[in-house]
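Trainee: I am new to this one. Please show me the model, and I will ask how each label is earned.

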Amino acid sequence: MNKIEQTLSIIKPDAVERNLTDEIKNFFINNKLKIKDSKKIHVTKDEAAEFYRVHQTKPFYNDLCSYLSSGPIVVMILEGDNAILLNRKLMGATDPKNAEENTIRKKYGISIDKNSVHGSDSIDNAKKEIKFFFKN
Ligand code: CDP
Ligand code: MG
């Protein structure tokens with residue numbers, strides 16, 4: 001059954017810095033995800049902290065917020081059939097060492113923190129995260 005969804009994707013600083021933006025965008029497009037909106041931004045550490053608030057109790061929270069705000073990122077709204085799960089599948093496991101073949105993190109991820117992409121993990125979070133970056 002068709003379930004058209006939208007999800008938030010972020011190309012993280014390590015990937016933007018290595019000029020992987022177009023390659024990653026094309027990977028989404030070639031795998032049935034439409035890019036409905038996209039912008040390159042540079043968030044402050046406070047904004048990163050708000051975005052990643054679900055992780056505030058984790059030991060990696062502070063480094064994660066510093067990292068996301070360390071350079072330009074590309075935030076995108078992806079749309080397609082089962083977009084949330086499909087995007088998670090295309091991203092691969094959080095730690096690139098464990099990521100499946102032909103996933104973004106396997107191909108481009110450097111380490112568990114510099115893992116090139118973010119993707120929403122549920123319908124609720126997708127809505128919240130899209131609103132966070134694309135207030136319209
Ligand atoms: O991004 P994903 O949903 O796969 O993983 P997460 O568990 O929601 O963690 C968010 C982000 O925190 C990850 O993408 C990693 O960049 C970072 N992280 C980390 O630096 N060290 C960990 N042990 C776990 C996650
Ligand atoms: Mg997550």
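Mentor: Start with the largest pocket: 25 residues line it, and Tyr52, Val54, His55, Leu64 and His118 lie nearest its centre. This is a predicted model, where local features need pLDDT of at least 70, side-chain atom pairs count only at pLDDT 80 or more, and totals for chains, interfaces and linings use all residues. Residues are numbered from 1 along each chain as its sequence is written, ligands are numbered from 1 in the order in which they are written, and side-chain values use heavy atoms, without hydrogens and water.

Trainee: What makes a set of points a pocket?

Mentor: On a 1 Å grid over the protein atoms alone, a pocket is an open set with protein on both sides within 12 Å along at least five of seven lines; lining residues have an atom within 4 Å of a point. The largest pocket has a volume of about 750 Å³, the space filled by probe spheres set on the points.

Trainee: Where does ligand 1 sit?

Mentor: Ligand 1 sits in the largest pocket. That wording applies because more than half of its atoms lie within 2 Å of the pocket's grid points.

Trainee: Why is the pair between histidine 55 and ligand 1 called a polar contact?

Mentor: A polar contact is a pair of N or O atoms within 3.5 Å. An N or O atom in the histidine 55 side chain is 3.1 Å from a ligand 1 oxygen, so the pair qualifies. Arginine 88 has a polar side-chain atom 2.9 Å from an oxygen of ligand 1. For asparagine 115, the side-chain N or O atom is 2.9 Å from a ligand oxygen.

Technical notes
Polar contact = N/O pair within 3.5 Å; in protein donor to acceptor, adjacent residues only side chain to side chain. 1 Å grid on protein atoms, 1.4 Å probe; cavity = no way out; pocket = protein on both sides within 12 Å on 5 of 7 lines; lining within 4 Å.
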